[in-house]
Amino acid sequence: MSTSHIFFNTNSSKTFIPEDNAVRLFDTGFSKSMVLKYLSVYAQIEDSDINVPLMRKFFKAAEGGWAILQQNIQGLSLHEVFCTQLEEPVNLVNRLIDTQLRINEKVISDLCPINDKLAFQIKELDFSDEKKEELNELLSEMPRGNTLINGNLGLHNIVTSVDDRAYVLDWSEMTCGVPEAECANTYLLLACGSTEIAEQYLKIYSKRTGASVEAMRKWIPLMGVNQLHIGVMSELHREMILPWLDLYRG
(Lines give C-alpha, C1' and ligand atoms only; values in the text may rest on other atoms or scores of the structure.)
Protein backbone atom coordinates (compact mmCIF):
# COMPACT_ATOMS: atom_id res chain seq x y z
CA MET A 1 0.00 0.00 0.00
CA SER A 2 1.31 3.44 -0.92
CA THR A 3 1.89 5.79 1.99
CA SER A 4 1.30 8.92 -0.09
CA HIS A 5 -2.37 9.01 0.81
CA ILE A 6 -3.17 6.53 3.57
CA PHE A 7 -6.60 6.79 5.08
CA PHE A 8 -7.30 4.97 8.30
CA ASN A 9 -10.74 3.96 9.51
CA THR A 10 -12.29 2.37 12.55
CA ASN A 11 -11.55 -1.07 11.08
CA SER A 12 -7.83 -0.20 11.23
CA SER A 13 -7.46 -0.31 14.99
CA LYS A 14 -8.99 -1.38 18.27
CA THR A 15 -8.90 0.58 21.51
CA PHE A 16 -8.42 -0.96 24.97
CA ILE A 17 -8.65 1.00 28.21
CA PRO A 18 -6.46 -0.24 31.07
CA GLU A 19 -7.05 2.11 34.02
CA ASP A 20 -5.85 5.68 33.31
CA ASN A 21 -4.54 5.02 29.79
CA ALA A 22 -6.04 3.84 26.53
CA VAL A 23 -4.19 1.55 24.13
CA ARG A 24 -4.94 1.77 20.42
CA LEU A 25 -3.80 -1.37 18.63
CA PHE A 26 -3.43 -1.04 14.85
CA ASP A 27 -4.16 -3.87 12.46
CA THR A 28 -1.09 -5.89 11.53
CA GLY A 29 -1.54 -4.85 7.89
CA PHE A 30 -0.31 -1.36 8.76
CA SER A 31 3.44 -0.95 8.66
CA LYS A 32 5.48 1.15 11.04
CA SER A 33 5.79 3.95 8.45
CA MET A 34 2.02 4.00 7.91
CA VAL A 35 1.24 4.28 11.62
CA LEU A 36 3.96 6.91 12.08
CA LYS A 37 2.34 8.96 9.32
CA TYR A 38 -0.97 8.76 11.20
CA LEU A 39 0.80 9.81 14.40
CA SER A 40 2.47 12.72 12.60
CA VAL A 41 -0.92 14.05 11.55
CA TYR A 42 -2.37 13.38 14.99
CA ALA A 43 0.51 15.29 16.60
CA GLN A 44 -0.40 18.36 14.52
CA ILE A 45 -3.93 18.15 15.89
CA GLU A 46 -2.60 17.64 19.40
CA ASP A 47 -0.51 20.82 19.02
CA SER A 48 -3.58 22.86 18.05
CA ASP A 49 -6.35 24.19 20.30
CA ILE A 50 -8.45 21.05 19.70
CA ASN A 51 -8.69 18.93 22.85
CA VAL A 52 -7.63 15.35 22.11
CA PRO A 53 -6.20 12.53 24.23
CA LEU A 54 -2.43 13.01 24.51
CA MET A 55 -0.12 10.41 22.99
CA ARG A 56 2.25 8.91 25.54
CA LYS A 57 4.01 5.97 23.90
CA PHE A 58 4.41 4.22 20.55
CA PHE A 59 5.35 0.54 20.68
CA LYS A 60 5.15 -2.90 19.06
CA ALA A 61 2.39 -4.87 20.76
CA ALA A 62 2.56 -8.55 21.66
CA GLU A 63 -0.25 -9.19 19.20
CA GLY A 64 2.11 -8.22 16.38
CA GLY A 65 0.70 -4.84 15.39
CA TRP A 66 1.89 -1.37 16.30
CA ALA A 67 0.17 0.39 19.17
CA ILE A 68 -0.01 3.73 20.93
CA LEU A 69 -0.56 4.43 24.60
CA GLN A 70 -2.64 7.54 25.05
CA GLN A 71 -4.48 9.48 27.71
CA ASN A 72 -7.86 8.12 28.77
CA ILE A 73 -10.32 11.01 29.19
CA GLN A 74 -12.64 10.66 32.15
CA GLY A 75 -16.09 12.12 31.65
CA LEU A 76 -19.42 11.74 29.89
CA SER A 77 -19.90 11.73 26.14
CA LEU A 78 -22.53 14.07 24.72
CA HIS A 79 -24.48 10.94 23.78
CA GLU A 80 -24.48 9.78 27.40
CA VAL A 81 -25.65 13.22 28.49
CA PHE A 82 -28.42 13.05 25.88
CA CYS A 83 -29.54 9.60 27.08
CA THR A 84 -29.70 10.73 30.70
CA GLN A 85 -31.65 13.86 29.71
CA LEU A 86 -29.32 16.02 31.80
CA GLU A 87 -29.28 18.73 29.15
CA GLU A 88 -31.59 20.02 26.43
CA PRO A 89 -30.85 18.51 22.97
CA VAL A 90 -30.45 21.97 21.43
CA ASN A 91 -27.63 22.72 23.88
CA LEU A 92 -25.89 19.46 22.99
CA VAL A 93 -26.19 20.27 19.28
CA ASN A 94 -24.62 23.67 19.86
CA ARG A 95 -21.79 22.13 21.86
CA LEU A 96 -21.16 19.66 19.03
CA ILE A 97 -21.08 22.54 16.53
CA ASP A 98 -18.68 24.50 18.75
CA THR A 99 -16.25 21.59 18.50
CA GLN A 100 -16.87 21.11 14.79
CA LEU A 101 -16.11 24.73 13.98
CA ARG A 102 -12.81 24.48 15.85
CA ILE A 103 -11.91 21.38 13.83
CA ASN A 104 -13.02 22.57 10.40
CA GLU A 105 -11.04 25.82 10.60
CA LYS A 106 -7.76 23.89 10.74
CA VAL A 107 -5.56 22.96 7.77
CA ILE A 108 -3.44 19.88 8.51
CA SER A 109 -0.81 18.55 6.10
CA ASP A 110 -0.57 14.99 4.72
CA LEU A 111 -4.25 14.09 4.90
CA CYS A 112 -6.11 12.12 2.25
CA PRO A 113 -8.81 14.28 0.56
CA ILE A 114 -12.32 13.08 1.35
CA ASN A 115 -13.13 13.17 -2.39
CA ASP A 116 -10.35 10.64 -3.10
CA LYS A 117 -11.39 8.46 -0.18
CA LEU A 118 -14.99 8.40 -1.42
CA ALA A 119 -13.89 7.51 -4.96
CA PHE A 120 -12.11 4.45 -3.55
CA GLN A 121 -15.09 3.55 -1.34
CA ILE A 122 -17.56 3.78 -4.22
CA LYS A 123 -15.36 1.47 -6.27
CA GLU A 124 -15.40 -1.08 -3.43
CA LEU A 125 -19.21 -1.04 -2.98
CA ASP A 126 -21.18 -4.19 -3.75
CA PHE A 127 -23.63 -2.16 -5.82
CA SER A 128 -24.67 -2.20 -9.47
CA ASP A 129 -22.46 -0.41 -12.00
CA GLU A 130 -25.34 1.99 -12.65
CA LYS A 131 -25.55 2.98 -8.99
CA LYS A 132 -21.79 3.43 -8.77
CA GLU A 133 -21.88 5.62 -11.87
CA GLU A 134 -24.57 7.81 -10.29
CA LEU A 135 -22.51 8.24 -7.14
CA ASN A 136 -19.33 8.97 -9.11
CA GLU A 137 -21.18 11.58 -11.15
CA LEU A 138 -22.39 13.24 -7.96
CA LEU A 139 -18.87 13.10 -6.52
CA SER A 140 -17.47 14.80 -9.63
CA GLU A 141 -19.74 17.78 -8.92
CA MET A 142 -18.57 18.22 -5.34
CA PRO A 143 -15.98 20.86 -4.35
CA ARG A 144 -12.59 19.92 -2.96
CA GLY A 145 -11.07 21.52 0.11
CA ASN A 146 -8.15 21.27 2.51
CA THR A 147 -9.71 21.83 5.92
CA LEU A 148 -9.51 19.16 8.62
CA ILE A 149 -12.42 16.71 8.75
CA ASN A 150 -12.79 14.36 11.71
CA GLY A 151 -15.08 11.99 9.81
CA ASN A 152 -16.72 10.48 12.88
CA LEU A 153 -18.03 13.56 14.65
CA GLY A 154 -21.15 12.56 16.51
CA LEU A 155 -22.40 12.92 20.07
CA HIS A 156 -20.65 9.63 20.92
CA ASN A 157 -17.20 10.97 19.98
CA ILE A 158 -17.14 14.10 22.14
CA VAL A 159 -16.49 13.69 25.85
CA THR A 160 -16.77 16.47 28.41
CA SER A 161 -13.99 16.02 30.94
CA VAL A 162 -14.22 16.63 34.69
CA ASP A 163 -12.78 20.13 34.10
CA ASP A 164 -15.55 20.84 31.55
CA ARG A 165 -13.42 20.66 28.40
CA ALA A 166 -14.75 18.97 25.26
CA TYR A 167 -12.43 16.25 23.95
CA VAL A 168 -12.70 14.54 20.55
CA LEU A 169 -11.65 10.94 21.12
CA ASP A 170 -11.54 9.10 17.82
CA TRP A 171 -9.68 10.35 14.73
CA SER A 172 -9.54 7.14 12.72
CA GLU A 173 -11.62 8.60 9.89
CA MET A 174 -9.82 11.94 9.55
CA THR A 175 -9.43 13.39 6.07
CA CYS A 176 -9.44 16.86 4.53
CA GLY A 177 -12.13 18.54 2.46
CA VAL A 178 -14.94 21.06 2.77
CA PRO A 179 -16.93 21.51 6.02
CA GLU A 180 -20.19 20.57 4.27
CA ALA A 181 -18.89 17.01 3.93
CA GLU A 182 -18.35 16.83 7.69
CA CYS A 183 -21.84 18.22 8.21
CA ALA A 184 -23.42 15.53 6.04
CA ASN A 185 -21.54 12.79 7.88
CA THR A 186 -22.52 14.19 11.28
CA TYR A 187 -26.12 14.48 10.06
CA LEU A 188 -26.15 10.74 9.28
CA LEU A 189 -24.64 9.85 12.66
CA LEU A 190 -27.34 11.89 14.39
CA ALA A 191 -30.14 10.66 12.10
CA CYS A 192 -29.46 7.04 13.08
CA GLY A 193 -30.61 8.06 16.55
CA SER A 194 -33.07 10.87 15.83
CA THR A 195 -33.93 12.50 12.51
CA GLU A 196 -35.46 15.37 14.48
CA ILE A 197 -32.13 16.19 16.14
CA ALA A 198 -30.30 15.70 12.83
CA GLU A 199 -32.56 18.22 11.12
CA GLN A 200 -32.17 20.59 14.04
CA TYR A 201 -28.41 20.26 13.69
CA LEU A 202 -28.45 21.30 10.01
CA LYS A 203 -30.64 24.32 10.74
CA ILE A 204 -28.54 25.51 13.69
CA TYR A 205 -25.28 24.99 11.79
CA SER A 206 -26.65 26.93 8.82
CA LYS A 207 -27.85 29.77 11.06
CA ARG A 208 -24.52 30.00 12.88
CA THR A 209 -22.26 29.79 9.82
CA GLY A 210 -24.33 30.91 6.85
CA ALA A 211 -23.68 27.55 5.14
CA SER A 212 -26.33 26.38 2.70
CA VAL A 213 -28.49 23.51 3.97
CA GLU A 214 -28.85 22.38 0.34
CA ALA A 215 -25.06 22.18 -0.04
CA MET A 216 -24.84 20.03 3.08
CA ARG A 217 -27.66 17.75 1.97
CA LYS A 218 -26.00 17.18 -1.41
CA TRP A 219 -23.11 15.44 0.37
CA ILE A 220 -25.42 13.05 2.28
CA PRO A 221 -25.53 10.19 -0.29
CA LEU A 222 -21.74 10.27 -0.57
CA MET A 223 -21.20 10.32 3.16
CA GLY A 224 -23.65 7.44 3.35
CA VAL A 225 -21.05 5.53 1.33
CA ASN A 226 -18.48 6.57 3.94
CA GLN A 227 -20.75 5.31 6.73
CA LEU A 228 -21.02 1.89 5.09
CA HIS A 229 -17.24 1.57 5.47
CA ILE A 230 -17.01 2.68 9.11
CA GLY A 231 -16.36 0.00 11.68
CA VAL A 232 -18.27 -3.23 12.09
CA MET A 233 -21.71 -2.15 10.97
CA SER A 234 -24.77 -3.92 12.30
CA GLU A 235 -27.46 -4.95 9.83
CA LEU A 236 -29.81 -2.43 11.47
CA HIS A 237 -27.31 0.40 10.96
CA ARG A 238 -26.81 -0.65 7.35
CA GLU A 239 -30.56 -0.66 6.73
CA MET A 240 -30.81 2.85 8.19
CA ILE A 241 -27.96 4.18 6.04
CA LEU A 242 -28.86 2.63 2.67
CA PRO A 243 -31.89 4.88 1.93
CA TRP A 244 -29.65 7.94 2.27
CA LEU A 245 -27.62 6.79 -0.72
CA ASP A 246 -30.41 7.90 -3.04
CA LEU A 247 -29.20 11.04 -4.78
CA TYR A 248 -30.26 14.33 -3.27
CA ARG A 249 -32.09 16.45 -5.81
CA GLY A 250 -32.42 20.00 -4.55
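In strand 7, the residue that forms a bridge with glycine 75 is serine 161. Strands here are DSSP runs of E with at least two residues, helices are runs of H or I with at least four, and both are numbered from the N terminus. Two strands count as paired if DSSP finds at least two bridges between them. The pairing of strand 5 with strand 7 is antiparallel and comprises 3 bridges.

The structure is a predicted model, in which local features need pLDDT of at least 70 and side-chain atom pairs count only at pLDDT 80 or more, whereas totals for chains, interfaces and linings use all residues. Residues are numbered from 1 along each chain as its sequence is written, and side-chain values use heavy atoms, with hydrogens and water left out.

**The open sheet**

Strands of a sheet pair through backbone hydrogen bonds, in either a parallel or an antiparallel sense. In this model, 3 strands form an open sheet in the order 5-7-8, with antiparallel pairing. Strand 5 (75-77) and strand 8 (166-168) are the edge strands, each pairing on one side only. From one strand to the next, the twist averages 30°, where axes are lines fitted to C-alpha atoms (for helices over the stretch in contact) and angles run from 0 to 180 degrees between N-to-C directions.

Strand 7 (residues 158-161) is joined to strand 8 by 3 bridges, and the two run antiparallel. Within this pair, threonine 160 stands opposite alanine 166 of strand 8. Ile158 and Thr160 point one way from strand 7, while Val159 and Ser161 point the other way, and all are buried. A buried residue has under 20% relative accessible area, an exposed one over 50%, and a partly exposed one lies in between (1.4 Å probe, protein chains only). Strand 7 and strand 8 form a hairpin with 4 residues between them.

**Aspartate residues**

Most residues other than glycine have a negative phi. Aspartate 164, although not a glycine, has a positive phi of about 65°, and aspartate 110 likewise has a positive phi of about 70° without being a glycine. The table lists the location and accessibility of these residues together with aspartate 98.

| Residue | Location | Relative accessible area |
|---|---|---|
| Aspartate 98 | helix 3 | 34%, partly exposed |
| Aspartate 110 | loop between helix 3 (89-104) and helix 4 (114-124) | 47%, partly exposed |
| Aspartate 164 | loop between strand 7 and strand 8 | 61%, exposed |

Aspartate 98 and arginine 208 are 110 residues apart along the chain, and their C-alpha atoms are separated by 9.9 Å.

**Helix 1**

The 15 residues of helix 1 (residues 32-46) should span 21 Å at 1.5 Å a residue, and the end C-alpha atoms are 20 Å apart, which agrees. The expected span is 1.5 Å times one less than the number of residues. Met34, Val35, Tyr38, Leu39, Val41, Tyr42 and Ile45 are buried in helix 1. Viewed down the axis of helix 1, these buried residues fall within an arc of 160°, so they line one face of the helix; the arc is that of the directions from the helix axis to the C-beta atoms. The buried residues of helix 1 pack against strand 2 (21-26), strand 3 (55-60), strand 4 (66-71) and strand 6 (147-149).

**Core and contacts**

The largest nonpolar core holds 64 residues, of which Ile45, Leu148, Trp171, Tyr201, Trp219, Leu222 and Met223 touch the most other members. Such a core is a set of buried Ala, Val, Leu, Ile, Met, Phe, Trp, Tyr and Cys residues joined through side-chain atoms within 4.5 Å. A contact means heavy atoms within 4.5 Å. Not counting residues up to four places away in sequence, tryptophan 171 touches Arg24, Tyr38, Tyr42, Ile45, Ile50, Val52, Ile103, Leu148 and Asn150.

Alanine 67 lies in strand 4 and is buried, with a relative accessible area of 0%. Apart from neighbours within four places in sequence, alanine 67 is in contact with Val23, Arg24, Leu25, Phe26, Lys57, Phe58, Phe59 and Ala61. The C-alpha atoms of alanine 67 and arginine 24 are separated by 5.4 Å, although the two residues are 43 apart along the chain.

**The chain as a whole**

The chain has 10 helices and 9 strands. Of its 250 residues, 48% are buried. Among contacts between residues at least 6 apart in sequence, 72% join residues at least 24 apart.
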